[in-house]
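Could you walk me through this structure as I click around in my viewer? Please tell me what to select at each stop and what I will find there.

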Amino acid sequence: MEILVAKSAGFCFGVKKAIEKAFNENGERVFTYGPIIHNKQVVEDLKNRGIEVVEDLENIKPKDKVIIRSHGIPKNEYKKLEEKGAIIVDATCPYVKHIHKIVEQRYSEGYKIIIVGDENHPEVKGINGWCDNTATIISDVNDIEKLNQNLGKVCLVAQTTFNQNKWYNLSSEIIKRAKEIIIYNTICSATDERQNEAIELSKQVDAMIIIGGKNSSNSRKLYEICKENCKKAIFIEDESELDLNDIKGLSKVGITAGASTPDYTIKAVIDKLHSVDIEKIEDDAKNEEHEL
Ligand code: F3S
């Protein structure tokens with residue numbers, strides 16, 4: 001079986017940086033504010049090093065170290081952490097930080113902020129927190145109805161992992177309603193590259209395996225893309241979820257992985273796939289023995 005692995009599979013630059021930062025931290029009480037990534041194994045590894053997840057900032061005490069993950073947080077939460085006397089270890093992805101700055105500045109200049117993204121995603125909640133939670137958040141054409149017919153000054157930004165085509169469609173609809181508009185295409189190229197590569201790869205193979213957390217929105221998007229372009233798409237969190245019967249007899253299998261999938265998980269899946277070939281070699285050898 002030929003196994004083709006997407007070059008862009010796995011941690012993106014921002015996630016890699018955040019994880020490195022977290023693993024390099026030490027101290028009495030160290031926390032990540034929310035799970036550092038959507039990956040149980042990585043969260044568990046950090047826990048074994050004494051770095052726990054905190055979900056509620058009320059539990060923070062003075063001198064606690066709090067690692068902010070790559071998604072970033074709202075402005076008022078930085079303030080809260082400072083008031084609590086926490087030591088902030090900021091692992092917000094620089095690309096997300098850049099959106100915070102845009103939103104803060106344009107909001108202060110009187111622009112209405114519109115975010116194209118998933119309103120429940122922590123990154124989007126974080127961005128909204130840089131304009132006093134006044135942004136309108138839209139993720140599909142039906143949401144356009146939320147907007148006034150005649151918008152004044154608009155500043156439009158996107159969630160970094162948003163789908164490019166959907167972004168173009170939605171921005172062109174918003175342009176029609178705005179008197180003045182500044183558009184920042186803040187979709188991260190890492191996401192774009194990963195999605196484009198997934199499209200290309202899934203057209204060439206008999207099955208695509210997408211490795212990623214079930215809660216990871218970028219992994220789910222990869223699965224959707226692969227499903228559209230390949231007759232078989234298999235979404236797994238790690239090698240234990242891979243049923244080899246699903247790929248037996250196939251000659252070409254592609255692999256991609258979401259931004260929060262560690263290299264060792266990708267490698268474990270590849271190793272398991274190779275075991276199909278080993279089984280086949282052993283079966284063939286047994287058959288040959290019988291024939292003799
Ligand atoms: Fe940053 Fe892009 Fe990753 S915004 S966290 S490098 S997907």
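## First stop: a strand residue

Start by selecting Ile-88, which belongs to strand E5, residues 87–90. This is a predicted model, so keep that in mind at every stop. Ile-88 has a relative accessible area of 27% and is therefore partly exposed, since that class falls between buried, under 20%, and exposed, over 50%. Now add Ser-240 to the selection and draw a distance between the two C-alpha atoms: Ile-88 and Ser-240 are 36 Å apart in space, with their positions 152 residues apart in sequence.

## Zoom out to the whole chain

Next, show the chain as a cartoon. There are 9 helices and 12 strands to colour. If you like to set up a bounding box, the C-alpha atoms fill one of roughly 85 × 55 × 25 Å along the principal axes. Colour by accessibility and 48% of the 292 residues will come up as buried. A search for disulfides returns a count of 0.

## Two strands to compare

Go to Val-5 in strand E1, residues 2–5. Val-5 has a relative accessibility of 37%, so it counts as partly exposed. Pick Ala-198 as its partner for a distance: the C-alpha atoms of Val-5 and Ala-198 are separated by 9.7 Å, although the two residues are 193 apart along the chain.

Then move to Ile-255, in strand E12. Is Ile-255 buried or exposed? Ile-255 is buried, because its relative accessible area is 0% and the buried class covers values under 20%. From the C-alpha atom of Ile-255 to that of Ile-266 the separation is 8.3 Å, and these two residues are 11 apart along the chain.

## Into the ligand site

Now select the ligand and expand to its surroundings. Which residues surround the ligand? They are Cys-12, Gly-14, Cys-93, Tyr-95, Thr-160, Cys-188 and Thr-191. Colour this shell by class and you get 4 nonpolar residues, 3 polar ones and no charged ones.

Two of the cysteines deserve a click each. Cys-93 counts as buried because its relative accessibility is 10%, and Cys-188 is buried as well, with a relative accessible area of 13%.

Switch on a pocket surface here. The ligand takes up the space of the largest pocket, and that pocket has a volume of about 540 Å³. Helices H1 (13–23), H4 (94–108), H7 (189–204) and H8 (217–229) are the elements that each give two or more residues to its lining. Highlight H7 in particular, as this helix supplies the largest share of the lining, 6 residues.

The full lining holds 33 residues. Those nearest the centre of the largest pocket are Cys-12, Val-15, Thr-161, Arg-194 and Ala-259. Colour the lining by class too: it divides into 14 nonpolar, 15 polar and 4 charged residues. For a set-up that starts from this site, the two selections to save are the shell around the ligand, with no charged residues, and the lining of the largest pocket, with 4 charged ones.

## A pair of loop residues with positive phi

Leave the pocket and select Asp-132, in the loop between helix H5 (122–128) and strand E7 (136–138). Open a backbone torsion readout. Most residues other than glycine have a negative phi. What is the phi of Asp-132? It is near 55 degrees, a positive value in a residue other than glycine. Asp-132 is exposed, because its relative accessibility of 56% is over 50%.

Step on to Asn-133, found in the loop between H5 and E7. Phi of Asn-133 is near 55 degrees, again positive in a residue that is not glycine. With a relative accessible area of 51%, Asn-133 is exposed.

## Last stop: an exposed glycine

Finish at Gly-249, which sits in the loop between strand E11 (233–236) and strand E12 (252–257). Its relative accessibility is 81%, so Gly-249 counts as exposed. For a final distance, pick Asp-206: the C-alpha atoms of Gly-249 and Asp-206 are separated by 9.9 Å, and the two residues are 43 apart along the chain.

Notes:
Residues numbered from 1 in each chain as written. Predicted model: local features only at pLDDT ≥ 70, side-chain atom pairs only at ≥ 80, totals over all residues. Heavy atoms only, no water. Near = heavy atom within 4 Å. 1 Å grid on protein atoms, 1.4 Å probe; cavity = no way out; pocket = protein on both sides within 12 Å on 5 of 7 lines; lining within 4 Å. Sits in = over half its atoms within 2 Å of the grid points. Nonpolar A, V, L, I, M, F, W, Y, C, P; charged D, E, K, R; others polar. Disulfide = S-S within 2.5 Å. Buried < 20%, exposed > 50% of the residue type's maximum accessible area, 1.4 Å probe, protein only. Points joined across faces, edges and corners; volume = space filled by probe spheres on them. Helix = DSSP H or I, 4+ residues; strand = E, 2+ residues; numbered from the N terminus.
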